[in-house]
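Trainee: Got a minute to go through this one with me? I'd like to start with the pockets and then get to the backbone.

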Amino acid sequence: MAVSPALPLRLSTVILPVWRWQEGGRRSWQHAEELGFHTAYTYDHLSWRSFRDQPWFGAVPTLTAAAAVTERIRLGTMVISPNFRHPVTLAKELITLEDLSGGRITLGIGAGGSGFDATALGHDAWTPRERADRFAEFVPLLDRLLSEGGTSGVSYRGDFYSAHEVRNIPGCVQRPRLPFAVAATGPRGMRLAARHGQAWVTTGDPKSLDGGPDAFLAGLGRQVERLAGICEEAGREPGALDKIVLDSSLAPDVNPLESVTAFVDFAGRCAELGFTELVVHYPVPDSVYAADMDVFERIATEGLAQLTN
């Protein structure tokens, strides 16, 4: 499918933190940079789905190590959530990571789910309503801590989170703070993206995950329309918010890594819907993210060029 050059699309990847650093971890991040990906993200979980009984490392230390062995590629989380994080301690980790990377960090951030992370700290899993309520406090407070945490400090007392004269000096390299990519499917999350985000992230409309590529893309289109309305209500130009779609195992019949042709078709249709970034998974053998590495490399090096041919 040919796509107008007026619809730029960046290509990024998610590298799962499943390899020991000296046994594939380091090489995967360097490989992503060599292939020319815009950003390499990693998931922020204590353990995750089918990988629960397999190696799984922490996101922030992994990104710190990745920053030390790369030079150009942006790095980020996809996504951090309140499930086991507090805005005060997270902000300190982020400004440190940002400094070490030379200002190459994007914070993907979401409300969290009901998986293993939800109960790892010993409490009952939060209801969807409580997750949304916490997220509505978490994002604005983190925004303030990263952008206002100078000598005057940040103080806040809410229903779920508090801060008392917190200072984050010298602050982020990127000003006024590192960019937020807010993951959201519902209106409350989208309002947070419109208010605080530099980007919005989706893995697709939950109602359209099992219907194949056409249904999945139709669902994405509806989400983009919904987001546009919410941006306009918030007084923000919809085009000013980057739109990121994450290839996910949640949609089992949607596989842009099947071939270069499949990627070009899927990426082109995403670009036509107004998405500015497509994120695909770095192959993990013998998992739900298994993929042919040769095809993956060709997609990274040739795929986007074919969108305008």
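Trainee: Which helices and strands each supply at least two residues of the lining of the largest pocket?
Mentor: Keep in mind that this is a predicted model. Strand 3, helix 4 (128-147), helix 5 (187-196) and strand 8 (199-202) each give at least two lining residues.

Trainee: And which element has the largest share of that lining?
Mentor: Helix 4, with four residues.

Trainee: OK, how much space lies in that pocket?
Mentor: About 1000 Å³. It has 37 lining residues, and the closest to the centre are Val79, Ala111, Gly112, Gly113 and Ala183.

Trainee: What's the lining like by class?
Mentor: There are 16 nonpolar residues, 16 polar ones and five charged ones.

Trainee: Back to Val79 for a sec. Where is it placed?
Mentor: Valine 79 sits in strand 3, which covers residues 74-80. Look at the bond leading into it, too: the peptide bond from methionine 78 to valine 79 is cis, with omega near -5 degrees.

Trainee: Hm, why would you point that out?
Mentor: Because most peptide bonds are trans.

Trainee: Which bond into a proline is cis?
Mentor: The one from isoleucine 169 to proline 170, with omega near 15 degrees. Proline 170 is in the loop between strand 6 (162-166) and strand 7 (180-183).

Trainee: What about phi at glutamate 165, positive or negative?
Mentor: Positive, near 50 degrees, and this is a residue other than glycine. Most residues of that kind have a negative phi. Glutamate 165 belongs to strand 6.

Trainee: Why does glutamate 165 count as partly exposed?
Mentor: Because its relative accessible area is 43%, and partly exposed runs between the 20% and 50% cut-offs.

Trainee: And aspartate 286, what's phi there?
Mentor: Near 55 degrees, again a positive value in a residue other than glycine. Aspartate 286 is in the loop between strand 10 (277-281) and helix 8 (293-303).

Trainee: Is aspartate 286 buried or exposed?
Mentor: Exposed, because its relative accessibility is 79% and the cut-off is over 50%.

Trainee: Switching back to pockets, what volume does the second largest one have?
Mentor: About 220 Å³. The second largest pocket has 15 lining residues, and Asp247, Asn255, Val288, Tyr289 and Ala290 lie nearest its centre.

Trainee: How does that lining split by class?
Mentor: Eight nonpolar, four polar and three charged residues.

Key: Residues numbered from 1 in each chain as written. Predicted model: local features only at pLDDT ≥ 70, side-chain atom pairs only at ≥ 80, totals over all residues. Heavy atoms only, no water. Buried < 20%, exposed > 50% of the residue type's maximum accessible area, 1.4 Å probe, protein only. 1 Å grid on protein atoms, 1.4 Å probe; cavity = no way out; pocket = protein on both sides within 12 Å on 5 of 7 lines; lining within 4 Å. Points joined across faces, edges and corners; volume = space filled by probe spheres on them. Nonpolar A, V, L, I, M, F, W, Y, C, P; charged D, E, K, R; others polar.
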